[in-house]
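Please open the structure in your viewer and display the backbone as a cartoon. The tour below proceeds by selection, and each stop states what is to be found there.

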Amino acid sequence: MADYDTLGSVFAEGAKMAPPNSDVGDVQRGAGRPRDPRIEQAALAAARELLVEVGYARLTVAAVAGRAGTTKAALYRRWPSLPHLVYEAAFPDDLLKDWHLGADLRADLLGIVVGTRDAFTTPVAAAALPGLLAEFSTHPVLHNALLSRFASVFEAIDDRLRDAATAGEVKAEARSEDLLRLMIGAALIGVLLGPETLDDAWAARITDILLEGIRP
């Protein structure tokens with residue numbers, strides 16, 4: 001399975017892109033005053049509200065700071081750029097927290113397809129994704145960060161596919177990272193072209209296509 005960056009390495013790398021007067025790197029290395037978690041929570045909540053209200057293109061660090069009742073400097077001490085803040089606001093750590101695998105491979109895949117769709121079609125994620133996708137070329141670490149949200153899913157599907165291959169249900173070369181990338185890609189394209197089309201029938205079709213591709 002591929003080795004995906006954790007958020008710790010994401011923000012460590014991101015510190016290199018911080019504004020010249022920012023002390024992001026020092027804070028992340030533990031120097032200076034301890035960070036107040038209330039500021040982070042208020043900033044993330046403000047970013048979510050503003051993304052839905054004004055969209056990614058009109059969102060600014062100043063607007064988030066004003067809504068959160070803090071300063072731009074305080075935000076730059078926590079996030080090296082606006083895209084990093086938006087990413088964390090749109091895709092929290094508990095992404096896909098409710099999924100689980102069982103004995104039915106199709107049901108397992110369908111559950112993950114539905115979970116991926118649901119994660120990408122929240123009002124906040126739908127507002128953030130077009131802008132974040134455009135930012136990936138400037139901040140490639142964000143792409144790995146998005147994939148890292150699915151790390152536990154990759155591991156679980158690896159185990160599930162290994163058992164399924166032993167039982168003759170799937171090809172021995174079936175790989176979890178291929179399945180997840182196809183699921184994520186289908187959901188992303190769906191969000192961009194029209195999230196209203198990503199209904200349960202869509203999820204069932206995507207699941208059947210994926211399953212057909214890995215069957216022996």
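The stops below begin with the whole chain and then turn to individual helices and residues.

**Before selecting anything**

This is a predicted model, in which local features need pLDDT of at least 70 and side-chain atom pairs count only at pLDDT 80 or more, whereas totals for chains, interfaces and linings use all residues. Residues are numbered from 1 along each chain as its sequence is written, and side-chain values use heavy atoms, with hydrogens and water left out.

**Stop 1: the whole chain**

Select the protein chain, which has twelve helices and zero strands. Helices (H or I, at least four residues) and strands (E, at least two) are DSSP runs, numbered from the N terminus. Read from the N terminus on, the elements run α-α-α-α-α-α-α-α-α-α-α-α.

How much of the chain counts as buried? Of its 216 residues, 44% do; buried means under 20% relative accessible area, exposed over 50%, and partly exposed in between (1.4 Å probe, protein chains only). The chain exposes about 10,800 Å², of which carbon and sulfur atoms supply 53%. Accessible areas come from the Shrake-Rupley method with a 1.4 Å probe, and for residues only the protein chains shown count as cover.

Among contacts between residues at least 6 apart in sequence, 75% join residues at least 24 apart. Contact here means heavy atoms within 4.5 Å.

**Stop 2: helix H4**

Select residues 61–68, which form helix H4. Its buried residues are Val61, Val64, Ala65 and Ala68. Seen down the axis of H4, these fall within an arc of 100°, so they line one face of the helix; the arc is that of the directions from the helix axis to the C-beta atoms. Which helices do the buried residues of H4 pack against? They pack against H3 (37–54), H5 (72–76) and H6 (82–90).

Ala63 also belongs to H4, but it is partly exposed, with a relative accessible area of 32%. A distance label between the C-alpha atoms of Ala63 and Leu50, 13 residues apart along the chain, should read 8.1 Å. Following H4 is Gly69, whose phi is positive, near 75°.

**Stop 3: H3 against H4**

Two packed helices are described by the angle between their axes and the distance between the axes. Add H3 to the selection: the axes of H3 and H4 come within 8 Å and cross at roughly 120°. That makes H3 oblique to H4. Axes are lines fitted to C-alpha atoms, for helices over the stretch in contact, and angles run from 0 to 180 degrees between N-to-C directions. Angles under 35 degrees count as roughly parallel, over 145 as roughly antiparallel, 65 to 115 as roughly perpendicular and the rest as oblique.

The crossing of H3 and H4 is right-handed. A crossing is left-handed if the near helix is turned anticlockwise from the far one by less than a right angle, and right-handed if clockwise. To view the interface, show Ala42, Ala43, Ala46, Ala47, Glu49, Leu50 and Glu53 of H3, which meet Ala63, Val64, Arg67 and Ala68 of H4.

**Stop 4: H6 against H8**

Move to H6 and helix H8 (residues 123–135), whose axes come within 10 Å and cross at roughly 145°. On the H6 side, the contact is made by Pro83, Val86, Tyr87, Ala89 and Ala90, and on the H8 side by Val124, Ala125, Ala128, Leu132 and Glu135. The crossing of H6 with H8 is left-handed.

Next select Thr122, in the loop between H7 (105–120) and H8. Thr122 counts as partly exposed, at 30% relative accessibility. Its C-alpha atom lies 9.8 Å from that of Pro195, 73 residues apart along the chain.

**Stop 5: H7 and the H11–H12 pair**

Is Asp108 buried or exposed? Asp108, located in H7, is buried, with a relative accessible area of 5%. The C-alpha atoms of Asp108 and Ile157 are separated by 8.9 Å.

Now select H11 (residues 176–193) together with H12, which pack at an angle of about 150° with their axes 11 Å apart. The two are therefore roughly antiparallel to each other, and their crossing is right-handed. Leu179, Leu182, Met183, Ala186 and Ala187 of H11 meet Trp202, Ile206, Leu210 and Ile214 of H12.

End the tour at Thr207, in H12 (residues 200–214). This residue is buried, with a relative accessible area of 0%. Leaving aside neighbours within four places in sequence, Thr207 is in contact with Arg106, Leu109, Leu110 and Val113.
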